[in-house]
Amino acid sequence: MIIIVTLIVAIMLAAAISVVFFKDLLSAVIASCLVSLFASILFLFLQAPDVAMAEASIGAALITAIFMIALRRTRRYEE
Amino acid sequence: MRSVFSLILLVVIGAGVVFTLSSIPFGSTSSDVGEYYIDSGRADTGATNIVTSVVVGYRAFDTLGEVTVLFVAAIGLGAILAAGRENEEKKKAEWEPASLVLYTGCRFLFPLILLFGAYVFIHGHLTPGGGFQGGAIIASAFLMVYLGCRKKRISKTWARNTESISGLVFVVTGLTGLAVGGHYFLSNFLPEGTLNTLFSAGIIPIIYIAIGLKVGSELTGVIDDLIEESE
């Protein structure tokens, strides 16, 4: 159990740090979606299914979509 | 010079955060209200999901404020996008049609996700989840249709009417509670029924269904506005 949680936290940290360093903003958006997705799994392990549901549907689905729609109107690569 | 200054600022802020956090005892409760909710939430509100009994029972007025914040945000987004649209002539980019597999998959999954969202907010007082989660799931179903079926659009009038009517249901239920049931806004005036059945917990299911429809139509409207703008 503790190994799985450690793995999830490690993946979340790696994804969160890579969001800052990606020059391709589409990759950054997908990495931030990954953070939310693993956070929702972590909430499930911490016995908070309410929060997990909200995090998965809002954090992983809707916010990612809104960022991608915003990216369509701007540039994809950071200079 | 500037980097030295920012380093000093960073150290000061870090020290402040560390000192503030070290004085808070993590993991221990500082008030008895949480234990009260766990002990008597079921008896007071009739909802088996304690989170729901807090969100729509004890703290229902705060939830009305929360819904209002979301409403104002959606209205603001719509107003800003509509103002930008007027002085810019519309050039419609041609959408590439989605592949058959994607199209069929979306059409197959859409009713199932919609059903799941409705289940989550109708059973908000019994199982984990509630109006906000169910509404977000419904909005993600519509988002999937927008991405997969490309040309399909929701009717804006329907979305707005659903939103207004469910908001009205919330407020009217609260005012009825004030007039009939008790001494405060949103007090329960319906029988609490048997614990753990669908028709129980008084006004909680009504309010959660209203919140679910409101959040779902609001977030769908936000997605619709944004996708229309990006075309």
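This is a dialogue between a trainee and a mentor about reading features of a predicted model.

Trainee: How many helices and strands are there in chain A?

Mentor: Because this model is predicted, we read it as a prediction throughout. A simple way to begin is to list the elements of a chain and then to look at their order. Chain A has three helices and zero strands, and its elements, read from the N terminus on, follow the order α-α-α. Its C-alpha atoms fill a box of roughly 40 × 25 × 10 Å along the principal axes. Of the 79 residues in chain A, 30% are buried.

Trainee: Which share of the contacts in chain A with a separation of 6 or more comes from residues 24 or more positions apart?

Mentor: Here the idea is to ask how far apart along the chain the partners of a contact lie. In chain A, 61% of the contacts with a separation of 6 or more are between residues 24 or more positions apart.

Trainee: What is there to notice about phi of Gln47(A)?

Mentor: With a backbone angle, look at its sign and at the kind of residue that carries it. Phi of Gln47(A) is near 60 degrees, which is a positive value in a residue other than glycine. Gln47(A) sits in the loop between helix H2 (25-45) and H3 of chain A, and with a relative accessible area of 71% Gln47(A) is exposed.

Trainee: At what angle do helix H3 of chain A and helix H8 of chain B pack?

Mentor: For two packed helices, take the angle and the axis distance, then turn to the residues that meet. Helix H3 (residues 49-73) of chain A packs against helix H8 (residues 204-230) of chain B at an angle of about 20 degrees, and their axes are 9 Å apart. Because angles under 35 degrees count as roughly parallel, H3(A) is roughly parallel to H8(B). The crossing in which H3(A) passes H8(B) is left-handed. From H3(A), Leu62(A), Ile66(A), Ile69(A), Arg72(A) and Arg73(A) take part, and they meet residues of H8(B) including Leu219(B), Ile223(B) and Glu229(B). Sorted by class, this contact of H3(A) with H8(B) has seven nonpolar, one polar and three charged residues.

Trainee: Are H5(B) and H6(B) roughly parallel or roughly antiparallel to each other?

Mentor: The steps are those of a helix pair once more. H5(B) and H6(B) pack at an angle of about 170 degrees, with their axes 8 Å apart, and they are therefore roughly antiparallel to each other. Among the residues that make the contact are Leu102(B), Tyr103(B), Cys106(B) and Phe110(B) of H5(B), together with Ile137(B), Ile138(B), Ala141(B) and Phe142(B) of H6(B). By class, the contact of H5(B) with H6(B) has 17 nonpolar, six polar and no charged residues.

Trainee: How many aromatic pairs does the structure hold over all chains?

Mentor: For aromatic rings, consider the distance between centres and the angle between planes. Over all chains, the structure holds four aromatic pairs. One of them joins Phe110(B) and Phe142(B), with 5.3 Å from centre to centre and 70 degrees between the planes, and this pair is edge-to-face. Phe110(B) lies in helix H5 (residues 100-122) of chain B and Phe142(B) in helix H6 (residues 131-148) of chain B, so the pair ties together parts that are 32 residues apart in sequence. Phe110(B) counts as partly exposed at 21% relative accessibility, and Phe142(B) counts as partly exposed at 21% as well. Elsewhere in chain B, Tyr36(B), Tyr37(B) and Tyr58(B) form one aromatic cluster.

Trainee: Is Ala74(B) buried or exposed?

Mentor: One reads such a residue through its accessible area and its contacts. Ala74(B), placed in helix H4 (residues 60-86) of chain B, is buried, with a relative accessible area of 15%. Leaving aside neighbours within four places in sequence, Ala74(B) is in contact with Glu218(B) and Val222(B). Ala74(B) and Thr220(B) are 146 residues apart in sequence, and their C-alpha atoms are 9.9 Å apart in space.

Trainee: By what distance are the C-alpha atoms of Val54(B) and Gly78(B) separated?

Mentor: Put the separation along the chain beside the distance in space. Val54(B), in helix H3 (residues 50-58) of chain B, is 24 residues along the chain from Gly78(B), and their C-alpha atoms are separated by 32 Å. For Leu175(B) and Ser187(B), which are 12 residues apart in sequence, the C-alpha distance is 8.7 Å. Leu175(B) lies in helix H7 (residues 156-181) of chain B, and at 44% relative accessibility Leu175(B) counts as partly exposed.

Key: Residues numbered from 1 in each chain as written. Chains lettered and ligands numbered in written order. Predicted model: local features only at pLDDT ≥ 70, side-chain atom pairs only at ≥ 80, totals over all residues. Heavy atoms only, no water. Axes fitted to C-alpha atoms, helices over the stretch in contact; angles between N-to-C directions. Helix = DSSP H or I, 4+ residues; strand = E, 2+ residues; numbered from the N terminus. Parallel < 35°, antiparallel > 145°, perpendicular 65-115°, else oblique. Left-handed = near helix turned anticlockwise from the far one by under 90°. Contact = heavy atoms within 4.5 Å. Nonpolar A, V, L, I, M, F, W, Y, C, P; charged D, E, K, R; others polar. Phe/Tyr/Trp six-rings, centres within 6.5 Å; stacked < 30°, edge-to-face > 60°. Buried < 20%, exposed > 50% of the residue type's maximum accessible area, 1.4 Å probe, protein only.
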